[in-house]
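Subject: Structure handover

Hi,

Here is the model I promised to pass on. Have a look at it first, and my notes follow below.

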Amino acid sequence: MRDVEAVFREERGRLLAALVRRFGDLDLAEEVTSDAIEAALKHWPVEGVPPKPGAWLMTTARRKAVDRLRRDRALAARLAVLQVEAERAAHAPPPDADGDLPDERLQLFFTCAHPALPPEDRGALTLRCLAGLTTPEVARAYLVPVQTMAKRIVRAKKKIREARIPFRVPGADELPERLPGVLQVVYSIFTEGYAASSGPDLQRLDLTEEAIRLARILRRLLPAEREVAGLLALSLLIHARRDARTGPDGEPVLLDEQDRGRWDRAMIEEGSALVVAALSGGPPGVYGVQAAIAALHDEAADLATTDWPQIVALYDVLLALDQSPVVALNRAAAVAMRDGPEAGLTLLDELAGEPRLRGYHPYLAARADLLHRLGRLPEAAAAYRVALEAAGSEPERAHLRRRLAAVEARRP
């Protein structure tokens, strides 16, 4: 018998997306999805998981939606208008719940990441609707009170409803403009899990794993999009190091100190294969290039044998695609490994006036580390103190305190 929890995890997003497509109302779709899952929890342990669990859930959810519409005539009238508009726009019949449940999650991806929504709402709505997290779980992911997150999600749904944001996949002419926003939402979820902006833990593995799951869904739904392959590759290649990134006390373990035997080789192999797909058949994209950089790190036996010239060259390509100071910061760190700490520090100091890097802890910590490597201990100590003030998570602060103590112990 298939694991019931795994079935719910896989089917919930598909069910919700199909119901949103059919009824055009996210709140109603969420309610009847929950009702259908509750009914399954009651019946399946006794009757067994049906051969087509998605179809069973869809049939149950549709019946419950009809019941709700019969009780609420105002809602029924509003949904009737929305449904007519949706079908005119889509030129497609509603899904047939008696067959296999169609996968319409791609429409929901683009709805949750619509540019009309505030950026902070897009990730929250994606986690709520596509990852299936509860509102308290999403609140924990963003480290905000549950009430605050509930208001944020309600606000996003209201915006979708009032602005009549369509539940559809953009046309071929719109896709190049809209897809980066969807990818950015998933990548933002991943990066928050990779290096938590605050809280007691360096990594939030629940978030990184959800982001990878979402990226896998996107890859299945958009197999020809090379940047989707790049995003999944990048996430896998970075996540492969997760077990070696923290020590027994939870503090960060830097790349040069990590036990590479603890890296997930199967994940690295999968990610490396996706890099080839991401960089083949056209100009490179930002995720594909970042994935190629991550692959060079993962394939090296140690820091000394890492192909730093190639990594710097890839950062040059990336900087041409994305002229952000964060990319320039990462390039400077790679130059420091290729040409020495003085060359890297010169580049970092050239970035000192960038507004986005003011108070940005990775920039401040990188500068302190280079000063430390150059033996400029008083300056390094001062730089570590500034970085310590800016660090968000407790493990990062503990790591910087340890570095600061090491510098101060060397000072005469």
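How many salt bridges does the structure hold? The structure holds 27, where a salt bridge is a side-chain nitrogen of Lys or Arg within 4 Å of a carboxyl oxygen of Asp or Glu.

Before the details, some ground rules. This is a predicted model, so local features need pLDDT of at least 70 and side-chain atom pairs count only at pLDDT 80 or more, while totals for chains, interfaces and linings use all residues. Residues are numbered from 1 along each chain as its sequence is written, and side-chain values use heavy atoms, with hydrogens and water left out.

**Overall picture**

The protein has 19 helices and 0 strands; these are DSSP runs numbered from the N terminus, with helices being H or I of at least four residues and strands E of at least two. Its C-alpha trace spans about 80 × 45 × 45 Å along the principal axes. The radius of gyration is 24 Å, which agrees with the value near 22 Å for a compact globule of 412 residues; it is taken over C-alpha atoms, and the globule rule is 2.2 Å times the number of residues to the power 0.38.

Half the chain is tucked away: 50% of the 412 residues count as buried. Buried means under 20% relative accessible area, exposed over 50%, and partly exposed in between, with a 1.4 Å probe and protein chains only. As for contacts (heavy atoms within 4.5 Å), 65% of those between residues at least 6 apart in sequence join residues at least 24 apart.

**Charges and pairs**

There are 57 positive and 60 negative side chains, counting Lys and Arg as positive and Asp and Glu as negative, with His and the chain ends not counted. The centres of the two sets lie 5 Å apart, taking the place of a charge as NZ of Lys, CZ of Arg, CG of Asp or CD of Glu.

Two salt bridges join helix 8 and helix 6. Arg155 meets Glu120 at 3.7 Å, N to O; Arg155 lies in helix 8 (146–162) and Glu120 in helix 6 (residues 119–129), so this pair ties together parts 35 residues apart in sequence. Arg152 pairs with Asp121, the closest N and O atoms being 4.0 Å apart, and that pair links helix 8 with helix 6 across 31 residues. The burial is worth a look: Arg155 is partly exposed at 41% and Glu120 is partly exposed at 40%, whereas both Arg152 and Asp121 are buried.

Another buried pair is Glu210 with Arg213, at 3.2 Å between the closest N and O atoms. These two sit 3 residues apart in helix 10 (residues 205–221), about one turn of the helix. There is also a network of salt bridges linking Arg12, Asp27, Glu30, Arg128, Lys157 and Arg161.

**Spots to check**

Which charged residue is buried yet has no salt bridge? That is Glu396, in helix 19. Its nearest side chain of opposite charge, Arg245, is 5.7 Å away. Glu396 touches Leu202, Pro252, His361 and Ala391, leaving out residues up to four places away in sequence.

Ser393, in the loop between helix 18 (377–390) and helix 19 (394–410), is buried at 1% relative accessible area. Leu202 is also among the residues that Ser393 touches.

Finally, Arg164 has a positive phi of about 50 degrees although it is not a glycine. Arg164 is in the loop between helix 8 and helix 9 (175–194) and is partly exposed at 49%.

Cheers
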